[in-house]
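I set out to look up how the parts of this protein pack against one another. My entries follow in the order in which I made them.

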Amino acid sequence: MLRDITLGQYMPGNTAVHRLDPRMKIILTIFYIAIIFCVSSPIWYIIPFAYVLLATRLSGLTLKHLLKSLKPLRFLLILTFVLNLFFSTGETLWLRLGFLKITKEGFITAIHFGMRLVFLVAGTSLLTLTTSPVALSDGIELLLKPLRVIRFPAHELAMMMTIALRFIPTLIEEADKIMKAQMARGADFESGNLLKRAKAMIPLLVPLFVSAFRRAGELAMAMEARCYHGGEGRTRLRVLRYTRSDLYALLITVGTLLLTILCGKWIA
């Protein structure tokens with residue numbers, strides 16, 4: 001299960017999506033999130049589905065990569081679906097057991113919010129899968145650069161986010177190794193009730209935290225040895241520039257957003 005977490009993972013490539021400016025990809029992700037929240041009916045999720053399908057095809061990835069990112073969230077998806085299904089008011093369809101009932105509105109809402117969560121996770125995973133942590137850091141920093149007039153630490157924030165994203169796969173791999181080592185010594189992480197499972201995680205979390213703090217200390221010493229002192233006066237090996245492909249991607253995304261709004265308003 002730990003290896004199914006795709007957050008922070010980067011899939012190298014030279015596709016049209018990989019070559020987009022990281023600043024533009026962040027902007028497109030924000031527009032994509034707006035598209036998801038503008039969908040007014042479950043039937044209109046066909047629009048973001050087509051958008052994600054096109055982006056996935058142009059990125060050289062497969063839908064398997066996106067579906068893999070949903071595995072760690074399956075319990076949250078089920079919980080969201082069940083809560084909306086049984087605890088929404090409206091016209092009762094079937095299964096009325098005391099205060100538990102399935103209503104027409106609850107069924108539609110459960111599908112609506114379940115699909116919203118699926119598309120949010122699957123679509124935003126494309127950002128980290130097609131953008132290296134260094135490029136993502138540069139993009140975030142340059143987008144936040146105008147806030148420096150109010151002394152906003154744009155470089156420091158971008159650096160922290162980059163380090164966090166960079167070390168997520170490393171910590172996941174470390175946790176997987178520790179879990180296998182503990183299971184070889186007889187540890188059981190899957191049987192028993194919720195309290196027993198929580199107690200069984202202690203032999204995993206303690207060495208994982210120790211490893212994380214050790215890595216953080218080593219990283220701090222490495223940055224200090226290289227005379228890192230923040231973003232003041234730093235130059236970049238690769239200067240980011242917008243291209244015609246970025247403009248086309250922005251026009252397609254904005255057009256998709258407008259289409260979603262129009263479909264929700266005029267074609268209910």
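**Entry 1: H2 and H5**

I began with two helices, and H2 and H5 are roughly parallel to each other, because angles under 35 degrees count as roughly parallel, over 145 as roughly antiparallel, 65 to 115 as roughly perpendicular and the rest as oblique. Their axes come within 11 Å and cross at roughly 20°. Axes here are lines fitted to C-alpha atoms, for helices over the stretch in contact, and angles run from 0 to 180 degrees between N-to-C directions. I noted that H2 passes H5 in a left-handed crossing. A crossing is left-handed if the near helix is turned anticlockwise from the far one by less than a right angle, and right-handed if clockwise.

I then listed the contact, where contact means heavy atoms within 4.5 Å. Pro48, Phe49, Val52, Ala55, Thr56 and Ser59 of H2 meet Phe119, Gly123, Leu126 and Thr130 of H5. These residues divide into six nonpolar, four polar and no charged. For this count, Ala, Val, Leu, Ile, Met, Phe, Trp, Tyr, Cys and Pro are nonpolar, Asp, Glu, Lys and Arg are charged, and the others, Gly among them, are polar.

**Entry 2: Basis and overall plan**

I recorded that this is a predicted model, in which local features need pLDDT of at least 70, side-chain atom pairs count only at pLDDT 80 or more, and totals for chains, interfaces and linings use all residues. Residues are numbered from 1 along each chain as its sequence is written, and side-chain values use heavy atoms, with hydrogens and water left out.

I found 10 helices and two strands in the protein. Helices (H or I, at least four residues) and strands (E, at least two) are DSSP runs, numbered from the N terminus. Along the sequence, the pattern reads α-α-α-α-β-β-α-α-α-α-α-α. Of the 268 residues, 33% are buried; buried means under 20% relative accessible area, exposed over 50%, and partly exposed in between (1.4 Å probe, protein chains only). Among contacts with a separation of 6 or more, 72% join residues 24 or more positions apart.

**Entry 3: H6 with H7 and H1**

I next looked up helix H6 (residues 133-144) and helix H7 (residues 154-184), whose axes come within 8 Å and cross at roughly 155°. H6 is therefore roughly antiparallel to H7. H6 passes H7 in a right-handed crossing. The residues in contact include Leu136, Ile140 and Leu144 of H6 and Ala158, Met161 and Leu165 of H7. The full contact divides into 11 nonpolar, three polar and two charged residues.

I also examined H1 and H6, whose axes come within 8 Å and cross at roughly 75°. This makes H1 roughly perpendicular to H6. Pro22, Arg23, Ile26 and Ile27 of H1 meet Ala135, Leu136, Gly139, Ile140, Leu142 and Leu143 of H6. I counted eight nonpolar, one polar and one charged residue in this contact.

**Entry 4: The nonpolar cores**

Which residues touch the most other members of the largest nonpolar core? I found Leu28, Tyr32, Ile36, Trp44, Leu66, Phe119 and Leu126, in a core of 21 residues. A nonpolar core is a set of buried Ala, Val, Leu, Ile, Met, Phe, Trp, Tyr and Cys residues joined through side-chain atoms within 4.5 Å. Helix H1 (22-38), helix H2 (46-59), helix H5 (104-130) and helix H10 (244-266) each supply at least two residues of this core. H5 gives the most, with five residues. A second, separate core of six residues includes Ile26, Ile140, Ala158 and Leu165.

Leaving aside neighbours within four places in sequence, Leu28 is in contact with Leu20, Tyr51, Ala249, Leu250 and Thr253.

**Entry 5: Two partly exposed residues**

I looked up Ser40, which is found in the loop between H1 and H2. Ser40 counts as partly exposed because its relative accessibility is 44%. Not counting residues up to four places away in sequence, Ser40 touches His112 and Gly264. The C-alpha atoms of Ser40 and His112 are 8.5 Å apart, although 72 residues separate them along the chain.

I closed with Val118, in helix H5. Val118 has 26% relative accessibility and so counts as partly exposed. Beyond residues up to four places away in sequence, Val118 touches Leu70 and Leu77. Val118 and Leu66 are 52 residues apart in sequence and 9.6 Å apart in space, C-alpha to C-alpha.
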